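Trainee: I've got this one open on my screen and could use a walk-through. Can we go over how the chains meet, and then look at a few residues?

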Amino acid sequence: MVVGDASGAGPQPLLSVRRLKVFHGKFEAVHGVDMDVGEGEIVSIIGANGAGKSSLMKAIIGQVDRVEGDIRFDGQSLAGRATADIVAGGIALIPEGRRLFPSLSVEENLALGWEVGRKGEITLDDVFELFPILRERRRQKARELSGGQQQMVAVGRAMLSNPRLLLCDEISLGLAPTIINDIYKVIPSIRERGIGIIVVDQDIGRSLAVADRFYCMLEGDFSLTGRPRETDRDTVMKHYFGL
Amino acid sequence: MFNGFLNQIVQGILHGGLYAMFAVGLSLSVGVMRLINIAHGDFIVLASFVLFTLCTALGISPFLAMLIILPPAFVFGYLMQHVLLQKIVGSSNILPMILVTFGLSIIIENGLLIGYGPNPRKLLAGDLQIASLQLGGGVTVGLFPLITFGAAVALIFLLDLFLYRSRIGAKIRAVSDDVDAADLIGLSSKRIYAIAMGIVAMTIAISACFMGIRTNFDPSSGPTQLLTAFEVVVMGGLGSLWGTLFGGIMIGVAQAVGAQIDLAWEVLAGHLLFLLVLVVRPQGLLPKE
Amino acid sequence: MRSSSLQTNIVRSLRILLLLGIVALTFGPLYLDLGHLRFFTEVFSLLVLAMMWNLVAGYADIVTVGQHAFVGIGGYAFYAFAAKADLNVTEAMIAAGLLSLLIGIPITAVVFRMRAAYLAIGTWVVAEVCTLLASKIPGFGGASGITLPSTVIRAVGANVEARFSHLYWMALALAVVCFIATALLLRSRLGVGLMAMRDNEEAAGSVGVNIVVCRIVCFLWTALFLGLAGALLTLQNLRIQPQASFSLIDYTVYVIFAVVIGGIGSIEGSIIGVAVYIGLRSAFSDYGNLYLIFLGAVSIAIMLAEPRGIWGLVRRYLPEDVIPVSHRYRPKTEATPAE
């Protein structure tokens, strides 16, 4: 029996997480959470440092040692599948801290996204259209770019994997506000392609503004879930800090 | 006298090509996997014995034998990484890396002793081995050393091309840059490492062919090749492919100069140059971590 | 109480056994025949080599594959002092150890320019250089080596029995001194720092010990004892020769295998390792190369499956070390909150 939550997803959500526990060694970082993400839906996960957001993301992409419970993508269980397999199946991650390959050119970094991905309609030209500056700098090494441009490459790289679900981990961290605006501007356009998106960001205001739904995480559990426009800020803050 | 000296220097430079060949595979595994394989030299000797066996059994030239073993060498390297070496890379604890590859070195050396005995062998390449060219100024070079040097340059050129112009090359460089990031975005480092090791094994097969024609080898020659390759890699700048050519030439020339003083100083001179470089100019020679 | 009284009693019994063993061995020449005297003399030397490799590789994170350098230096230095400078045997041995220590200083300066695995192979290069240089020193027999003068041999003992007994006691004394001194070193502040470093580099800094200094001290410490062992081995073999005195196989390869099998990172492991190695050797030495292949394979398997070797396996069931080198460190870990 699946207990429906505030899901805005259709009959079969793109991603469905049930009773998920995530372990780092003996430490249980996430204590059995349920979550759904639908096609073309933007879901924000908020929570203080160490609440378990990154663990949740890493569990979805297959980068933790041990999980319990169920993660289903398009109805298929992701249990025991390698990251490469998951990415090729249609989930891409924009990692925290961007994690570009510094000695590779912009073009090479982007091409890697295509290489590891699902091979779909999004091409290099689409990324260059979204971020014209990258076309100019495509021969430059990633380490020579500014932080904002690096983040654009990271977004582009993930898009070129042609995911059906995109995980954005702390994409505004360490960037100037105007640049964050530029980055966030592209998220709705990604959604328009029917891609489901999970946004994890310290910048709660910005991440809630773009989201259809949100989950608030507190010490490894969801303390609140709902729609940003229907939830007042005080309630969010109360559950964010666990007051 | 001066001509004789110049001649020696030229020989040294050419011999450096062979050393660069030894080192290029080690440089790749250091650069990509941060793996220092103590058995590197023993793998070269092992490949030489495989070539020796093929040449004697089939009566073919060492070069043909080398071409034949290139694909199996790749598979061997791939599996070696996949099954064993993968377990010892990527840890800040270097003990397993050193001890496992050290154990491999001992196993190969003693396995060859059982199979072939301690006698030195050589690969035979006919007239090629004795032909020589007269250059100006009283300098005479052997044709084969010249070919070896050319082959070393070609090998490095091709590897460079492969790393910087091919899709797999880009993946190898990406994993070398940031292995965790590669795994995060779905680029399986395990597979890339195995491919890289397969390529390393191919360079080993190639250098084994040239070494076997150029010099005698026996089951216990491995450590000498390892130390030379190691010195070349460190002097040439860790992980730098063209640097290995530079490092190889440095060692080759040092040995040639040493041999002028006394034949026994030949090997010693190479080691001493390495230690000297280490003391005088350690910056840029240390591993980037 | 996590440990039962049975386990505590086992540890106590092992300690008593160790002490009784040393006492019994002290009187060895009274009841051992010449063959066994020679055998044990070799075991004691091997034990020193094992404890030294364990000290640098297991504690100081210097995985040297060139420790035969110092053994050979000790041997050649002993020849110089005993045969050329006419010091008496004891003086020559001590002088050989000190010279090995002295030569260890520039060697340290060179190899510490490298780190980790590079340092490991760097020590091998240095050992190669030492071996090659040893054959070039005039008056030391070149590549074929030279036998100790009979005056030196007679100075050890007038007849074979006396000679073997004296060598036996010298080797036992060296092993015991090395054992106690190394245990004390590990119990000192320096040892605390090293053990902290092994667990966590940052914690080591907070213990307030300069890690680089610790590692250098350890490396030089082994230079001294390896030099002494080299002198002793020369006295046993009655000659010096570059390939034999600087033997990679005998003084480094076998030693590494012994320590890995016994258990790296503990003195108990070194002792067990030497015992197992000697036992295996008596049983399988006829197989020669196959025996080495076997040792290599076992070491690889241990490194991958049980990196702390036999002692690591046993130690899990015991409440504390038999040789208590780390008890002063333990309270500090407990004081540090877990991550």
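**Chains, cysteines and two residues**

Mentor: Sure, and keep in mind that this is a predicted model. Let's start with one interface: chain A and chain B bury about 1,600 Å² between them, with carbon and sulfur atoms giving 62% of that area. In chain A, the residues that lose the most area to chain B are R99(A), F101(A) and E115(A), together 34% of what that side buries.

Trainee: How many salt bridges are there between chain A and chain B?

Mentor: One to look up is E108(A) with R173(B), where the closest N and O atoms are 2.4 Å apart. That sits inside the 4 Å cut-off for a salt bridge. Counted across chain A and chain B, the total is four salt bridges.

Trainee: Which helix gives the most to the side of chain A that touches chain B?

Mentor: The contact takes 18 residues from chain A and 17 residues from chain B. There are six residue pairs in polar contact across this interface, both partners being at pLDDT 80 or more. On the chain A side, α1 (53-61), α2 (83-88) and α3 (106-116) each supply at least two residues. The top contributor, with four residues, is α3(A).

Trainee: Now the other interface. What share of the area buried between chain C and chain B comes from carbon and sulfur atoms?

Mentor: Here 37 residues of chain C are in contact with 44 residues of chain B. Of the two pairs of chains that touch, chains B and C have the most contacts. The buried area is about 3,800 Å², and the share from carbon and sulfur atoms is 86%.

Trainee: Which residues form the salt bridge between chain C and chain B?

Mentor: The search turns up one salt bridge across this interface, alongside two residue pairs in polar contact (both at pLDDT 80 or more). Its closest N and O atoms are 2.9 Å apart, and the partners are K136(C) and D262(B).

Trainee: How many residues does α6(C) give to the side of chain C that touches chain B?

Mentor: Four helices of chain C give two or more residues to that side: α3 (34-59), α6 (116-134), α13 (248-262) and α15 (289-305). The largest share comes from α6(C), at 13 residues.

Trainee: How far apart are the nearest C-alpha atoms of chain A and chain C?

Mentor: Chain A and chain C do not touch. The distance between their nearest C-alpha atoms is 11 Å.

Trainee: Why is C178(C) not bonded to C218(C)?

Mentor: A disulfide is a covalent bond between the sulfur atoms of two cysteines. The rule asks for sulfurs within 2.5 Å, and the count over all chains is zero disulfides. C178(C) is buried, at 0% relative accessibility. The closest cysteine sulfur, in C218(C), is too far for a bond, at 12 Å.

Trainee: Which residue's side chain makes a polar contact with the side chain of D212(A)?

Mentor: D212(A) lies in the loop between α8 (204-210) and β9 (213-218) of chain A, and it is buried, with a relative accessible area of 17%. Leaving out residues up to four places away in sequence, D212(A) touches several residues, including G40(A), E41(A) and R227(A). The polar side-chain partner, at 2.8 Å, is R191(A).

Trainee: Last one: is L67(B) buried or exposed?

Mentor: L67(B) is in helix α3 (residues 62-83) of chain B. The cut-off for exposed is over 50% relative accessible area. L67(B) has 52%, so the answer is exposed.

Key: Residues are numbered from 1 along each chain as its sequence is written. Chains are lettered from A and ligands numbered from 1 in the order in which they are written. This is a predicted model: local features need pLDDT of at least 70, side-chain atom pairs count only at pLDDT 80 or more; totals for chains, interfaces and linings use all residues. Side-chain values use heavy atoms; hydrogens and water are left out. Contact means heavy atoms within 4.5 Å. Buried area is the accessible area (1.4 Å probe) that two parts lose on being put together, summed over both. A salt bridge is a side-chain nitrogen of Lys or Arg within 4 Å of a carboxyl oxygen of Asp or Glu. A polar contact is a pair of N or O atoms within 3.5 Å; within protein, one must be able to donate a hydrogen and the other to accept it, and residues adjacent in sequence count only if both atoms are side-chain atoms. Buried means under 20% relative accessible area, exposed over 50%, partly exposed in between (1.4 Å probe, protein chains only).
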